[in-house]
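Student: I am new to this structure and would like to learn where its labels come from. Could you show it to me and explain the terms as we go?

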Amino acid sequence: MRDTIRNAGPYLVSGARTILWMFLVLAAVVFAIQAARALSYPYPLDYGEGPLLDQAMRLSRWENIYPHDLSSPPFTISNYPPLYVALLAPVVGLFGPHLVFGRALSVVAALAAALFIGLIIETNTGRRLAAWASGLSFLVFPYTAQWAPLMRVDLVALALSLAGLYVISRWHDARFGLVGTAALLIAAAYTKQSYALVGPLAAFVWVWHKLGWRTALKLAGMVAIPGVLLFLLLTLTTRGGFFLNVITANANAFDVNVVVDRALSLLETAPVMIFLAGLVLFLGLGNIPLAPLLVPYLVGSLATAATIGKVGSNVNYLLELAASLSLCGGAVLSWSHLKSTHETSEPPTLWRAPVYAAVAVAVAVQIGLLTRATLTGPAEQVKWRTKTKTELDHLARTIERAQGPVIADEYMALIPLQGRRLYLQPFEMTQLAESGHWDQTPLLEQIQAQTFTAIMIHHFPDTAVYRTRWTPEMLASIEANYIASRYAADTITFEPRLPGEIYPSSSVQCPGAVWALPSKATFGVWWFTKELVLMGEGEEGTVPVYAVADGVLMRRETWNDAVAIRHDDPLCSDGQVWTFYRGLASAEGDRSYVADEFPPGINEIPVSAGQMLGYQGRLWDSGSSWVHVRFAVLPSLEDGAFPGALVGRAVPDAPPLPVEVVQEGLRDPTLYLGTMRSHVMGVLTWLPPQCGTER
Amino acid sequence: MADQDLSSTPRKLETAIVVALWLVSSVLSVVLIPVTIDILTRIYIAFWADYSGSVEQYWSGVAIRQFAVIPLAMVAIVVIIGGAEYYLRNFGRRKSWMALTRTLAVELGILLMAWIL
């Protein structure tokens, strides 16, 4: 038995290495495709690309990108230190505003980060496969695959930080090693300020371990003193603008639930990596040569990762953690390989080869899990974003033709792409307003004065992200002075309301209409085969829904999200119609937003026009969607009964509907409301909430 | 070292093991053709397919399958026939065992990929 295990050892190792190489090649291919798709896409893939492109354009014209006074426009903030933008400024100044330059820089930085991860492993262990595994596993982390192809600062900062760690791990006893490391770590901090923590901490502990506390303090001084001096210089030359933009403007609210969600997601995606990192953390010191570097790096990156709970943060806060987990995986793999070969003076113990084979296969499976997470996450995201290119062409043309300034959120980058200055960064200024650091009155006055030719608000179907990007006062002012006029790429374009024009609401009827709208339609109306979907502005359960006319209300026992009202038909003197209101429930369907006075199972309850029925929800059939209410007008059956089958709410064992009722189907609600209608059937068609005829 | 170790194993048993493993790798080489195509299709769907049922995307998916099946079939033939020749000529040698190991490792790797992705 012992001979069999010993004889099989080399073959187990060879087989395991083969499997690991296969997964590494797959990871490289997936990252390459992801990067190529993003690089070739001309429009924004992320909110944060817009401000950076705008800053690069301004810096290329030698403008100060750190304003100290936010009381006058443009209301923009430069959240990060200047290195990334300074690298891009000459390029965009020469070739014009394009996102590809910043994205290419970020992809190159991701590759460099992977390279330095691999070099740290190979230099200190001599294990090439472990080095490749570390580097490529970092690239296929979903956080890296999502963030690397974006025009964002993080990968450049990470590459510089890891370069510093590579230099100190390899040349810690050379003078240029300390100087080079300090320079790289300062450069990382001046690319993104949060990189001033983990990299320097890991380098400090490593140098202390290798060369003693005096040299470690020397390194700390070489990082801290120039770093602080540079900070003071930038703050003084910008009259405090650098401090305001980079420090004050980054202090946002915190939500611990986000941290918990991300931690659980990471546990599901990277269980092997987490286990191997745990081995390094608790058993590494004294056993793994790189542990004095990896342990502080891991601990520091965990602390940084916890800041993902900050409002507005994204997976970029997890990049250092991804790098540290990749390093730990490579370190354990190389450690198990070292002991399984003849490279020590002792013969390998019996189980070392099988252990190494098992670790290699486990790392391969981990890379497979990361690849799957990348395919189902970032790859799908880029795919869906790039599908809206035609719609973004329309948005770009709207901005191009605009006579005055345009403000936008998610697709803000379209503005500098047209060669225009950003006028407002909604998220950053909203956070400053809510923390009391910015007075939004001048902006509100400009909205009221209809200064902006267009305001573009992106509305994700599943979460009301726009509410973190626009203050309630801004939204109220936009609603009062602007009207939703176009929809493209999940973005509603608001244009100034015309004086004297009548815009329908729940209290204002269109000329010639018999009913007012049952609810707000701030974000427009979807026409869905004669059913109207009115999208209100607000969280679910906050936008009221009203009865359009006097009638008798019915709510079946099984209707968690709906009510129906029978009215005299105002368009037919001896007829009756039903109005049907649904979607008045939470996204999961577990919470009803129908008013308490209309419990399930009631019938023949008199209601009057304008009486509140409940609130808009997010339930849509078996899924969820924007905050909305679905409104339909149905013919009444001869006995006055509700034709539930027309809206998919047939009562079990009910007799089939009369043929003429089925043929007629739903009534056209626009005949009653006077709003715009569409000829399109079966497909959601967006309409502006305006009086009119056809579109 | 491996050759010395293997010579200690009865030759009939060694022959049986090689034949059995060759048979397994041969069967897997054929069975893994649709599995490999499914992996390629999975990657295509993740990056390009939008589930709209577009004709272009459908035929792209069909094209992937049609273009991939021929080289994969060739690989299967190499594994079956080429493998048999190679193991016969190099019977008992380390390089024969290593080739068999790596062939089986690749096939197991494809199975793992299909299971994970």
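Tutor: Let us start with a definition: helices (H or I, at least four residues) and strands (E, at least two) are DSSP runs, numbered from the N terminus. This is a predicted model, in which local features need pLDDT of at least 70 and side-chain atom pairs count only at pLDDT 80 or more, while totals for chains, interfaces and linings use all residues. Residues are numbered from 1 along each chain as its sequence is written, chains are lettered from A and ligands numbered from 1 in the order in which they are written, and side-chain values use heavy atoms, with hydrogens and water left out.

Student: How many helices and strands does chain A have by that definition?

Tutor: Chain A has 25 helices and 15 strands. Its C-alpha trace spans about 100 × 70 × 40 Å along the principal axes.

Student: Where in chain A does P74(A) lie, and what kind of peptide bond leads to it from P73(A)?

Tutor: P74(A) is in the loop between α2 (49-60) and α3 (83-95) of chain A. The bond from P73(A) to P74(A) is cis, with omega near 5°. For background, most peptide bonds are trans, and most residues other than glycine have a negative phi.

Student: Which phi value does D490(A) have, and what makes this residue partly exposed?

Tutor: Phi of D490(A) is positive, about 60°, although the residue is not a glycine. D490(A) sits in the loop between β3 (482-488) and β4 (491-496) of chain A. As for exposure, buried means under 20% relative accessible area, exposed over 50%, and partly exposed in between (1.4 Å probe, protein chains only). D490(A) has 24% relative accessibility, so it counts as partly exposed.

Student: Why does E604(A) get that label too?

Tutor: At 43% relative accessibility, E604(A) counts as partly exposed. E604(A) has a positive phi, near 55°, and is a residue other than glycine. Its place is the loop between β10 (576-582) and β11 (605-607) of chain A.

Student: How do you know that T398(A) is buried?

Tutor: The relative accessible area of T398(A) is 15%, so this residue is buried. T398(A) belongs to helix α18 (residues 389-401) of chain A. Contact means heavy atoms within 4.5 Å. Not counting residues up to four places away in sequence, T398(A) touches M456(A), R486(A) and T493(A).

Student: What makes S137(A) buried, and which residues does it touch?

Tutor: S137(A) has a relative accessible area of 1%, so it is buried. This residue lies in helix α5 (residues 128-140) of chain A. Leaving out residues up to four places away in sequence, S137(A) touches W132(A), M273(A), S326(A), I367(A) and L370(A). In chain A, 58% of the 695 residues are buried.

Student: How do you know that the length of helix α16 (residues 352-376) of chain A agrees with its number of residues?

Tutor: The expected span of a helix is 1.5 Å times one less than its number of residues. The 25 residues of α16(A) should therefore span 36 Å, and its end C-alpha atoms are 36 Å apart, which agrees. Of those 25 residues, 18 are buried, so α16(A) is largely enclosed by the rest of the structure.

Student: At what angle do helix α9 (residues 198-211) and helix α10 (residues 213-237) of chain A pack?

Tutor: The two helices pack at about 150°, with axes 7 Å apart. That makes α9(A) roughly antiparallel to α10(A). The axes are lines fitted to C-alpha atoms, for helices over the stretch in contact, and angles run from 0 to 180 degrees between N-to-C directions. Angles under 35 degrees count as roughly parallel, over 145 as roughly antiparallel, 65 to 115 as roughly perpendicular and the rest as oblique.

Student: Which residues of α9(A) and α10(A) meet?

Tutor: From α9(A), A203(A), F204(A), V207(A), W208(A) and L211(A) meet W213(A), T215(A), A216(A), L217(A), L219(A) and A220(A) of α10(A). By class, this contact of α9(A) with α10(A) has ten nonpolar, one polar and no charged residues. Here Ala, Val, Leu, Ile, Met, Phe, Trp, Tyr, Cys and Pro count as nonpolar, Asp, Glu, Lys and Arg as charged, and the others, Gly among them, as polar.

Student: In chain B, why is I70(B) called exposed, and why is L32(B) called buried?

Tutor: I70(B) has 51% relative accessibility, so it counts as exposed; its helix is α3 (residues 55-89) of chain B. L32(B), with a relative accessible area of 4%, is buried, and its helix is α2 (residues 11-48) of chain B. Leaving aside neighbours within four places in sequence, L32(B) is in contact with E107(B), I110(B) and L111(B).
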